[in-house]
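Got your viewer open? Here is a short tour, one selection after another.

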Amino acid sequence: MHNTPDFSIILPTYNRAHLLKRAIDSVKIQSHTNWELIIIDDGSSDNTVELMEQYNNDTRIKYVTITHSGVSAARNHGVTLVTASQLAFLDSDDEWLPEKLRKQHQYFKETDYQIHQSREIWIRNGTRVNPPAHAKKYAGDLFSVSLERCMITPSSVVMTREVWNEFGGFDTHYPACEDYELWLRISAKYPIGLLDEDLLIRYGGHADQLSSAYPAMDYFRLQALEKLLDSNKLSLDQRSQTLQVLQEKLRIYSLGCVKRSKTEELAWCDRLIQKYFPDKQ
């Protein structure tokens, strides 16, 4: 009889066999060994299938292939297969340090947080860099600061399955900023814990990152803010903060649309302005 794992780890991947082994091996060397790793292959056409044959003898690792549907759908599908009460996420281009799960398991026992993350080491184009000051992490109410930018790293976060079920996972309509959108919904209700140690190595600078594919990320952040406002789940203070950030992001994004002659996006911005700020027309 197998014990129920303490963690279900969801790892989506798409044509990243050249990076995937590093991510998987960083899970296998965890000092906390009671986990299951669910790898969702989002329709890869490289040698991911051949790579995964190396792990056939580890019953903790489940490899599932799906039709290419995007990272949000892959993560969501992975969660439908979990058996643990605690969920962790790992992107295929990132790497965990060996003590991550052990320390986060202990953190859950010692605190009341339903969702928390750790600090991280940043590697950009092969060189370690210091995260910018605005990315400094802290514990508690992250809602207001999360309106400006994504303050939670998917590969560092652990949450209870109850929290996941309450919010319904990642919105598959977002090709980018899907994490920003989910963390906003969660942080509007729950404080976010922080294990104040570097337990993740976060790599950046490679060409297939979503931030490279979608340079105008504020387009998706604006959509997320509209969705949040229309949810009617914010306090009066949270709604006021959201409107302030929406107004400023709209101003900046609209200027960019004018500069680049993006008439459709500009019309969309005008619709949002009319919807939320009719007195500014």
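Start by selecting Asn47, which counts as partly exposed at 44% relative accessibility. Keep in mind as you click around that this is a predicted model. Asn47 sits in the loop that links strand 2 (35-41) with helix 2 (48-52). Now add Ala17 to the selection: it is 30 residues away from Asn47 along the chain, yet the two C-alpha atoms are separated by 6.2 Å.

Next stop, Gln104. Is Gln104 buried or exposed? Gln104 is buried, because its relative accessible area is 0%, and buried means under 20%. You'll find Gln104 in helix 4 (residues 100-110). Show its surroundings, leaving out residues up to four places away in sequence, and Gln104 touches Phe7, His116, Gln117, Ser118, Ser156, Val158, Leu195 and Leu199.

Now for a pair of helices. Select residues 218-230, which is helix 9, and residues 263-276, which is helix 11; they pack at an angle of about 25 degrees with their axes 12 Å apart. Helix 9 is therefore roughly parallel to helix 11, since angles under 35 degrees count that way. Turn the view and you can check the crossing, where helix 9 passes helix 11 in a left-handed sense.

Switch on side chains for this pair. From helix 9 come Tyr219, Leu222, Gln223, Glu226, Leu229 and Asp230, and they meet Glu265, Trp268, Arg271, Leu272, Lys275 and Tyr276 of helix 11. Colour that contact by class and you get 6 nonpolar, 1 polar and 5 charged residues.

On to the nonpolar cores. In soluble globular proteins, nonpolar side chains tend to be buried together. Which residues have the most contacts inside the largest nonpolar core? Pick Phe143, Leu147, Leu184, Leu225, Leu246 and Leu250, out of 27 residues in that core. The elements giving two or more residues to this core are helix 5 (143-148), helix 7 (178-187), helix 9, helix 10 (236-259) and helix 11. Helix 9 gives the most, with 6 residues.

Zoom in on Leu250. Setting aside residues up to four places away in sequence, Leu250 touches Leu222, Cys269, Leu272, Ile273 and Phe277. Two of these names should ring a bell: Leu222 and Leu272 also appear in the contact between helix 9 and helix 11.

For the last stop, move to a second, separate core of 25 residues. Ile115, Ile152, Val157 and Phe167 are among its members, so to speak a starter selection for that region.

Key: Residues numbered from 1 in each chain as written. Predicted model: local features only at pLDDT ≥ 70, side-chain atom pairs only at ≥ 80, totals over all residues. Heavy atoms only, no water. Axes fitted to C-alpha atoms, helices over the stretch in contact; angles between N-to-C directions. Helix = DSSP H or I, 4+ residues; strand = E, 2+ residues; numbered from the N terminus. Parallel < 35°, antiparallel > 145°, perpendicular 65-115°, else oblique. Left-handed = near helix turned anticlockwise from the far one by under 90°. Contact = heavy atoms within 4.5 Å. Nonpolar A, V, L, I, M, F, W, Y, C, P; charged D, E, K, R; others polar. Core = buried A, V, L, I, M, F, W, Y, C linked by side-chain atoms within 4.5 Å. Buried < 20%, exposed > 50% of the residue type's maximum accessible area, 1.4 Å probe, protein only.
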